[in-house]
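Q: I am new to this structure. Please take a close look at a single part, and tell me how its side chains connect with the rest.

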Amino acid sequence: MVNQHSLINITTLSYFFLKKLLYLSWRIYAERDMRNNSIYTILQILFGISLTCFSACNYPYQRNAKLLQAEELMETSPDSSLAILQNIESPEKLANKDYAFYCLLLTQALDKNYSIHTSDSLIKKATAYFEQHSDDAALALSYYYMGRVYSDMHDALQAQQYYLKALELGENLNSPPTTYQDIQQPGYSLQFSKCLRNGPSHV
């Protein structure tokens with residue numbers, strides 16, 4: 001993950017590079033030397049690339065507004081949260097991080113609305129993404145819901161494994177956001193104990 005100090009350095013370098021390109025472009029354009037036409041074209045391309053990089057550095061990632069709304073309503077009004085998520089058109093076209101959160105939040109909303117999970121495809125996408133990126137809170141919650149999904153699918157062995165992963169990772173979080181408190185709720189302990197008691201053949 002790029003830290004704030006690195007981001008500032010990248011932004012500063014991009015700004016300095018842009019200034020140099022602008023100056024060189026102006027000089028070549030002012031001289032109108034035909035020999036420099038190709039150089040001027042190359043500088044224009046480099047300027048466009050640098051401007052894109054500069055803009056990206058100055059506008060860090062922001063979660064999709066509908067996902068934020070769904071997350072905020074998850075604890076108090078999970079049915080509204082589910083409705084918001086189900087009304088997102090073409091979620092697969094969201095940015096990769098947003099789509100990972102969409103898969104996680106939709107799984108969570110379905111669970112909180114007492115839907116029986118019959119597939120692990122959604123939560124596996126979220127888990128795979130967060131395993132490759134530095135977001136332990138989202139990963140802990142993903143592991144928990146992997147456990148919930150496999151519990152509904154009567155795969156107690158995998159449910160146990162993911163509950164343990166969720167618990168281990170959750171204990172290392174200093175101040176998990178409210179959304180991730182599921183791991184520490186009584187329902188978690190009950191579900192985990194149920195898996196241990198009944199074994200892999202039944203949840």
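**A close look at helix 5**

A: Read along the sequence, the chain runs α-α-α-α-α-α-α-α-α. That makes nine helices and zero strands. The model is predicted. The part chosen here is helix 5, which spans residues 96-112.

Start with its dimensions. Helix 5 has 17 residues. From the first C-alpha to the last it reaches 24 Å, close to the 24 Å expected at 1.5 Å a residue. Cover comes next. Of the 17 residues in helix 5, 13 are buried, so this helix is mostly covered. For the whole chain of 203 residues, the buried share is 40%. Just after helix 5 comes Tyr114, with a positive phi of about 65°.

Now the charged side chains. The model holds three salt bridges. One of them joins Lys112 to Glu75, at 3.6 Å from N to O. Lys112 belongs to helix 5, while Glu75 sits in the loop between helix 3 (65-73) and helix 4 (78-86), so this pair ties together parts that are 37 residues apart in sequence. How covered are the two partners? Lys112 has a relative accessibility of 21%, so it counts as partly exposed; the cut-off for buried is under 20%. Glu75 has a relative accessible area of 39% and is partly exposed.

Asp111, also in helix 5, makes another salt bridge. Its partner is Arg148, at 2.8 Å from N to O. This pair links distant parts of the chain: Arg148 lies in helix 7 (residues 136-152), 37 residues from Asp111. Asp111 and Arg148 are both buried.

Arg148 has a further partner. It meets Asp152 in a salt bridge of 4.0 Å, N to O. Both residues of this pair lie in helix 7, four residues apart, or about one turn of the helix. Arg148 has a relative accessible area of 13%, so it is buried. Asp152, at 16% relative accessibility, counts as buried too. Which residues do the shared partners join? Asp111, Arg148 and Asp152 form one network of salt bridges.

Turn to the rings. The model has seven aromatic pairs. One of them is Tyr99 with Tyr102, a stacked pair: 6.1 Å centre to centre, with 15° between the planes. Both tyrosines lie in helix 5, three residues apart, about one turn of the helix. Tyr99 and Tyr102 are both buried. Another pair, Tyr129 with Phe130, is edge-to-face. Here the centres are 5.4 Å apart and the planes stand at 85°. Tyr129 is buried, and so is Phe130. Phe101 joins Tyr129 and Phe130 in one aromatic cluster.

Step back to the whole chain. Among contacts with a separation of 6 or more, 62% involve residues 24 or more positions apart. The chain's accessible surface comes to about 12,500 Å². Carbon and sulfur atoms hold 56% of that surface.

To sum up helix 5: 13 of its 17 residues are buried. Through Lys112 it is tied to the loop between helix 3 and helix 4. Through Asp111 it is linked to helix 7. Within helix 5, Tyr99 and Tyr102 sit about one turn apart, and their rings are stacked.

Definitions and conventions
Residues are numbered from 1 along each chain as its sequence is written. This is a predicted model: local features need pLDDT of at least 70, side-chain atom pairs count only at pLDDT 80 or more; totals for chains, interfaces and linings use all residues. Side-chain values use heavy atoms; hydrogens and water are left out. Helices (H or I, at least four residues) and strands (E, at least two) are DSSP runs, numbered from the N terminus. Buried means under 20% relative accessible area, exposed over 50%, partly exposed in between (1.4 Å probe, protein chains only). The expected span of a helix is 1.5 Å times one less than its number of residues. Contact means heavy atoms within 4.5 Å. Accessible areas come from the Shrake-Rupley method with a 1.4 Å probe; for residues, only the protein chains shown count as cover. Rings of Phe, Tyr and Trp (its six-membered ring) pair if their centres lie within 6.5 Å; planes under 30 degrees apart count as stacked, over 60 as edge-to-face and the rest as tilted.
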